[in-house]
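Please look over the sequence and the model below before reading on. The text afterwards moves from the overall division of the chain to its sheets, then to the ligand, and ends with some local backbone details.

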Amino acid sequence: MSHYVGTRVKRIEDPKFITGSARYVDDIAYPGTLYMAILRSTVPHAKLLKIDYEDALKIPGVVGVITGLNIEVENRPRNFPMAKDEILYVGQPIAAVIAEDRYKAYDALDYIQVDYEPLPAVVDPEEAAKDKVKAVEDTSNIGYRWTYKAGNPEEELAKSDVVIETKLEIGRVYPAAMEPRGLLSVYQEGRLTVYASTQAPHYMRKFLLDAFENYVSDIRVVQADTGGAFGSKMFPYPEDYIVTYASIIHRRPVKWVATRREDLLSTYHSRAQIHKIRAGFTKNGEWRALIDDLIIDLGTATHGYYLADITATLISGPYKVRDILVEVYGVRTNKTPLDQYRGAGRPEAAFVYERIMDMAADELKMDPIEIRRRNLVTELPYTNPFGHKYDSGNYLHLLSVAESYYRDFERRAEELRRQGKRVGVGLSFYIEQNNFGPWESASVRVKSNGKILVIIGAAPHGQGDATAIAQIVADELGIDIGQIEVSWGDTELIGEGFGTFGSRTLTLAGNAALLATRKLKDKLKRVGAALMNVNYEGVIYENGYVKDAKTGRSMSIKDIATALTANPGSTWLYEVEPSLEDSAYFGLNDYTYPYGSHVALVEVSEEGLIKVLDYVAIDDIGLVVNPMLAEGQVIGGVIQGFGEVVLEGVKYDDDGNPLTQTFGEYWIPTIMEAFNTKWYYLEEGKSNAPLPAKGIAEGPLIGVLPALTRAIERAVNRRIAKIPIDPSLLIK
Ligand code: MCN
């Protein structure tokens with residue numbers, strides 16, 4: 001009957017957001033809630049000598065101050081979650097005030113005195129790599145070191161006709177979610193319910209329980225409506241522990257919600273990579289070798305090192321080059337710790353391999369499409385030099401689709417140039433890695449009114465996955481999508497789950513939901529046959545009905561649910577289990593590799609203002625469940641990437657003081673910078689899963705960085721090796 005997969009179904013999530021009835025952490029109210037305010041370090045590096053909070057305790061309404069809380073969490077900074085004897089970055093928590101309301105809590109911060117002895121700060125990552133001045137006392141600045149080597153890069157480089165040698169930089173960014181981070185921890189009789197702005201409630205339960213299992217019997221984590229995350233609300237933060245601890249010791253609900261300034265200082269930053277590369281090409285444009293020194297600026301904690309691993313292992317992108325050396329240096333600096341942001345290592349890789357392609361095209365005076373065509377992987381599956389198995393698709397075909405837009409944009413650019421305008425066109429081709437598992441869960445239930453409730457272990461927070469999952473389940477059951485509800489984000493709704501990150505939700509939770517629905521259909525048949533007193537073997541399930549072929553009798557899902565839940569107190573006369581509920585956990589034994597191409601037409605005014613005149617993104621993510629949702633992700637991701645290329649950059653002065661503490665200094669794109677992005681898709685690269693879809697959400701942020709950079713480079717006719725782009729390069 002119904003066929004929803006592949007169509008632009010409107011988001012079932014939206015009504016509450018549009019009408020203002022969504023409930024974010026800060027909207028959730030419990031009687032007797034206490035509020036927490038954090039005193040943060042204002043110096044980048046210092047010895048912490050003494051904290052005097054006696055005066056703060058005298059403020060009416062202040063119920064307590066916490067200092068020196070230390071919990072062992074892997075790869076976090078020294079003195080996590082609170083500085084105890086060494087301050088490592090501006091914004092690091094030093095003390096927490098717990099008070100009857102948030103105003104009193106913030107006021108009391110002024111009455112805490114901190115004595116410290118300043119230490120020199122390590123700011124520049126290349127200086128940090130020299131390991132002279134230490135970012136963390138008595139600790140090497142090299143927090144992570146790895147060598148990735150494949151083939152014989154030195155030899156291949158020596159044989160190359162042309163060597164591109166340059167330093168490429170991807171700036172440090174702040175994942176600016178609309179809603180800052182926040183938690184409400186509710187203590188009740190030895191148990192906690194934690195409401196959080198999070199993208200991974202089960203994971204949060206796990207890490208909080210690890211820390212507090214001797215204090216409480218269990219922790220339930222509930223994801224409140226969450227206003228975006230972009231990767232930043234997954235891994236453990238100091239405040240997660242401090243607020244939870246506060247509610248345990250005060251046996252009261254305690255709430256903390258970051259101000260924007262706090263969020264900018266303390267939410268994990270991302271990217272921050274430097275690549276010193278030498279790339280060797282033949283004169284025919286064949287990419288033969290790459291040697292890359294990769295420095296990732298980890299800030300004071302080493303937990304972001306895996307981002308460099310992702311970048312390094314995907315540094316060849318969709319190209320055939322096999323002789324590669326990447327030396328990875330993860331360095332400690334006195335900055336906010338680094339972790340994932342939309343794309344997590346893949347945008348950095350794409351920026352590098354696509355800059356290399358464009359620079360080689362310039363050097364060899366080759367057409368940018370032609371040089372890519374010569375290097376693209378043509379036979380799939382293909383195992384790249386570091387073991388990634390690119391699974392399916394047709395890269396050359398997608399490039400040829402992109403080429404038609406590229407040529408058209410070039411024609412338009414030529415026309416505009418004749419009118420004296422500074423215009424450029426850029427194209428990128430990229431490979432994506434997703435299906436970050438190991439698995440995801442879904443449970444499907446028929447409720448007594450015949451409606452279907454789907455619960456997923458993933459935790460969307462803006463993407464619209466619930467709509468797509470409803471589409472999948474509606475198609476599988478052959479019923480109206482209005483009969484389906486999707487719920488998530490509560491660790492007590494479903495056994496285990498991971499969350500929403502790594503563009504995994506649709507593929508993993510979507511497949512789990514599909515498999516759970518198939519199991520449910522079987523249960524409907526069993527229970528339906530029993531209720532009709534006919535043989536299970538003789539019934540079929542079709543479009544919401546269980547039908548007996550022999551007698552012609554049928555029952556709808558609603559009939560079955562009604563019969564099953566009638567007559568409380570009676571007996572169950574049938575052998576079949578009286579259940580209309582099933583779960584499935586789904587994982588794939590390898591990653592999937594979507595791919596795509598972006599094409600940008602850009603004008604740069606004489607004053608250096610950038611206007612994107614036209615923009616096309618083309619992706620192959622296998623089956624597209626809801627093109628409107630996927631397109632929404634692309635449009636959002638592209639404008640976010642515009643921010644990263646043109647506007648956004650966390651800045652520190654030479655002493656380690658952050659210069660970007662508000663949106664006045666840290667610029668994110670607004671509606672004024674928005675432009676028209678068109679999205680097209682091919683469905684050649686299917687996955688092996690029952691639902692052969694791959695992820696889309698991060699792809700746009702991977703494709704946009706090099707495409708836009710190239711278009712701007714061509715418009716101003718100056719080489720660009722660093723994002724965000726230095727504005728002085730843009731002025732005529
Ligand atoms: N989709 C589809 N068909 C496919 C693949 C996806 O219709 N073959 C749809 C999905 O139904 C979903 C959307 O596209 O509505 C994205 O799905 P998917 O690619 O599975 O990505 P996730 O849902 O796992 O989202 C995570 C991803 C990440 S990693 C970041 S970071 C990011 C992003 O989502 N953060 C976001 N997009 C965001 N969008 C919003 N509004 N807010 C964030 O914080």
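What follows is a guided reading of this structure, which is a predicted model.

It helps to begin with the way the chain is partitioned. Three domains are assigned, namely domain 1 (32-119), domain 2 (270-435 + 590-729) and domain 3 (437-452 + 462-586). Domain 2 is written as two stretches of sequence, 270-435 and 590-729, and domain 3 likewise as two, 437-452 and 462-586. As for their placement in space, the C-alpha centres of domain 1 and domain 3 are 50 Å apart.

Two sheets deserve a careful look, and for each the order of the strands is a good place to start. One is an open sheet of 7 strands with mixed pairing, and its order reads S3-S5-S1-S12-S9-S10-S11. Which strands stand at the edges of this sheet? They are strand S3 (62-67) and strand S11 (218-223), and because each has a single partner strand, one side of each remains without a neighbour in the sheet. Averaged over neighbouring strands of this sheet, and with direction ignored, the turn of one strand against the next is 20 degrees. Within the order given above, S1 is followed by S12, and these two, strand S1 (residues 34-40) and strand S12 (residues 254-257), pair in the parallel sense through 2 bridges. A residue pair that can be located in the model is Leu34, which stands opposite Val254 in S12.

The other sheet is also open and has mixed pairing, with 6 strands in the order S7-S15-S14-S13-S8-S29. Here strand S7 (142-150) and strand S29 (722-723) take the edge positions, and since each is paired with a single partner strand, one side of each is left without a neighbour in the sheet. The mixed character of the pairing can be followed from strand to strand. Strand S14 (residues 287-299) and strand S15 (residues 323-332) run parallel and are joined by 10 bridges, and Ile291 has Leu325 in S15 as its bridge partner. Strand S8 (residues 162-173) and strand S13 (residues 270-281), by contrast, run antiparallel and are joined by 11 bridges, with Glu169 standing opposite Ile274 in S13. S8 also pairs with S29, in the parallel sense and over 2 bridges, and the bridge partner of Ile170 in S29 is Ile723. In general terms, the strands of a sheet pair through backbone hydrogen bonds, in either a parallel or an antiparallel sense.

The ligand is the next topic, and its surroundings can be described first by residue. Its shell consists of 32 residues, and the closest of them are Ala229, Gln463, Asp465, Thr505 and Gln633. By type, the residues of this shell divide into 14 nonpolar, 13 polar and 5 charged. Domain 2 and domain 3 each contribute at least three residues to the shell around the ligand.

Several backbone atoms come into polar contact with the ligand. A polar backbone atom of Phe230 is 2.9 Å from an oxygen atom of the ligand, while a backbone N or O atom of Gly462 lies 3.4 Å from a ligand nitrogen atom. For Leu623, a backbone N or O atom is 2.8 Å from a nitrogen atom of the ligand. How much of the ligand's accessible area does the protein cover? On its own the ligand has 840 Å² of accessible area, and the protein covers 96% of it. The elements that give two or more residues to the shell are helix H13 (465-477), helix H14 (505-532) and helix H16 (627-647), and the largest share, 3 residues, comes from H16.

Some details of the backbone complete the reading. Gly437 and Pro438 are joined by a cis peptide bond with omega at about 5 degrees, and Pro438 is found in the loop between strand S18 (423-431) and strand S19 (440-446). A cis peptide bond also joins Ile723 and Pro724, with omega at about -5 degrees, and Pro724 lies in the segment after S29. Asp138, a residue other than glycine, has a positive phi, near 60 degrees, and this residue lies in the loop between helix H4 (125-130) and S7.

Technical notes
Residues are numbered from 1 along each chain as its sequence is written. This is a predicted model: local features need pLDDT of at least 70, side-chain atom pairs count only at pLDDT 80 or more; totals for chains, interfaces and linings use all residues. Side-chain values use heavy atoms; hydrogens and water are left out. A residue is near a molecule or strand if one of its heavy atoms lies within 4 Å of it. A polar contact is a pair of N or O atoms within 3.5 Å; within protein, one must be able to donate a hydrogen and the other to accept it, and residues adjacent in sequence count only if both atoms are side-chain atoms. Accessible areas come from the Shrake-Rupley method with a 1.4 Å probe; for residues, only the protein chains shown count as cover. Helices (H or I, at least four residues) and strands (E, at least two) are DSSP runs, numbered from the N terminus. Ala, Val, Leu, Ile, Met, Phe, Trp, Tyr, Cys and Pro count as nonpolar, Asp, Glu, Lys and Arg as charged, and the others, Gly among them, as polar. Domain bounds come from an automatic or database domain assignment. Two strands pair if DSSP finds at least two bridges between them. Axes are lines fitted to C-alpha atoms, for helices over the stretch in contact, and angles run from 0 to 180 degrees between N-to-C directions.
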